[in-house]
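Good morning, colleagues. Please bring the model up on the screen, and I shall take you through its pockets, one helix pair and the overall fold.

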Amino acid sequence: MSLGPCEIFEVGPRDGLQNEKREIPVAEKVALVNKLSAAGFRRIECASFVSPKWVPQMAGSGEVLGGISRTEGVRYAALTPNMRGYEDAVAAKADEIAIFASASEGFSQKNINASIEEAFERFAPILEEARHIDMPVRGYVSCVVECPYDGKVAPADVARVADKLFAMGCYEVSLGDTIGAGTPDSIARMLLAVRDVVPVGRLAGHYHDTHGRAMANIDASLSMGVRVFDAAVAGLGGCPYAPGAAGNVATEAVNEHLTALGYDTGVDQAVVLEAAEMARAMRG
Ligand code: HMG
Ligand code: MG
């Protein structure tokens with residue numbers, strides 16, 4: 001029996017590759033995105049228009065977006081921390097963008113050199129401009145359970161940031177367990193608070209698998225009504241400004257799990273496995 005649709009938002013080419021030690025040529029990134037495009041994902045995050053001094057791995061993002069073969073019905077997404085990034089993303093023809101905030105002050109400072117409030121001030125003109133051209137904007141909240149600098153994060157703090165992103169115009173808010181500290185209980189407590197302020201149908205779970213609990217956290221989120229999960233092929237990734245952050249939960253494992261439970265992901269596991277093989281080879 002089908003339990004209905006459940007979407008996997010592929011973030012490997014961005015959240016995965018931003019953390020790789022090896023300098024990965026644009027052509028390899030393009031080949032990975034093209035393979036992922038054939039797998040059936042509706043959204044693939046493959047670019048990040050941040051400062052190359054902060055994240056050198058994402059420096060070729062414009063060339064990646066320019067080099068891929070775009071598949072009809074797939075949206076190619078890019079991170080944009082400020083107006084400069086937004087303008088670059090628009091010039092490179094990103095189909096949607098993402099702004100990224102944190103529920104904790106420590107991570108906000110270390111990741112984007114701004115307080116939580118200052119980050120919202122930077123995001124406001126992005127949302128304003130995006131509205132004019134009907135550019136979909138996704139919002140991330142990092143450190144939804146714990147921060148590598150400030151320790152435990154209260155669900156109310158996550159709800160406050162998620163509420164603000166949604167109210168500013170983000171069409172979806174992705175909840176990042178940046179260092180994989182979450183457990184099914186703490187994720188459920190966090191979701192209870194966030195669900196009060198953002199409709200659950202507009203939430204996504206973005207769980208790093210540092211302690212091997214990401215899949216259990218997905219299960220907890222499913223039972224709370226979440227039906228979108230971010231994942232990276234081959235479990236690529238981490239965050240350069242979050243010490244201890246391991247990769248995102250692996251797409252192939254999530255797809256297998258959701259399908260076995262009876263959800264329809266629309267994603268072809270055989271193609272995902274080929275993409276995972278490519279991603280592993282890229283790691284060097
Ligand atoms: P700053 O140093 O405060 O900014 O950085 P600035 O305005 O003083 O600029 C510094 C330099 O960067 C200048 O160059 C700017 O031109 C340049 P210089 O004059 O020194 O030669 N610059 C840019 N270059 C290219 N693109 C831009 C851009 N903006 C400024 N958009 C800034 C502030 C936000 C730029 C910086 O902190 C930054 O780039 N941070 C990004 C960090 C990052 O990408 N982290 C990883 C993504 S978040 C994540 O992974 C978490 C997530 O997965 C969810 C989860 O797991 O929790 C989403
Ligand atoms: Mg992440």
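Let me start with the elements that line the largest pocket of this predicted model. Four helices contribute at least two residues each to that lining: H1 (12–16), H3 (61–67), H4 (83–91) and H5 (105–112). Strand E6, residues 137–142, likewise supplies at least two. In total, 35 residues line the pocket. Which of them lie nearest its centre? They are Ser48, Val50, Ser51, Pro81 and Phe100. The volume of this largest pocket is about 650 Å³. As for the character of its lining, 16 residues are nonpolar, 14 are polar and five are charged.

I turn now to the second largest pocket, which holds about 160 Å³ of space. Its lining includes a run of residues from Glu20 to Ile24, namely Glu20, Lys21, Arg22, Glu23 and Ile24. Leu17, Val26 and Lys29 also line this pocket, as do Pro56, Gln57, Ala59 and Gly60. How does this lining divide by class, and how many of its residues are charged? Five are charged, five are nonpolar and two are polar.

Next, a helix pair. Helix H8, covering residues 184–195, packs against helix H9, covering residues 214–223, at an angle of about 35°. The axes of the two helices are 9 Å apart, and H8 passes H9 in a right-handed crossing. On the H8 side, the contact is made by Pro184, Ile187 and Leu191. On the H9 side, Ala216, Asn217, Ala220 and Ser221 take part. Sorted by class, the contact between H8 and H9 has five nonpolar residues, two polar residues and no charged ones.

Finally, the chain as a whole. The protein chain contains eleven helices and twelve strands. Why may we call the chain as compact as a globular protein of its length? Its radius of gyration is 17 Å, and the globule rule gives 19 Å for 284 residues; the two values are close, so the description applies. Along the principal axes, the C-alpha trace spans about 45 × 40 × 35 Å.

That concludes my presentation; I would be glad to take questions.

Conventions. Residues numbered from 1 in each chain as written. Chains lettered and ligands numbered in written order. Predicted model: local features only at pLDDT ≥ 70, side-chain atom pairs only at ≥ 80, totals over all residues. Heavy atoms only, no water. Axes fitted to C-alpha atoms, helices over the stretch in contact; angles between N-to-C directions. Left-handed = near helix turned anticlockwise from the far one by under 90°. Contact = heavy atoms within 4.5 Å. Nonpolar A, V, L, I, M, F, W, Y, C, P; charged D, E, K, R; others polar. 1 Å grid on protein atoms, 1.4 Å probe; cavity = no way out; pocket = protein on both sides within 12 Å on 5 of 7 lines; lining within 4 Å. Points joined across faces, edges and corners; volume = space filled by probe spheres on them. Rg over C-alpha atoms; globule rule 2.2 N^0.38 Å.
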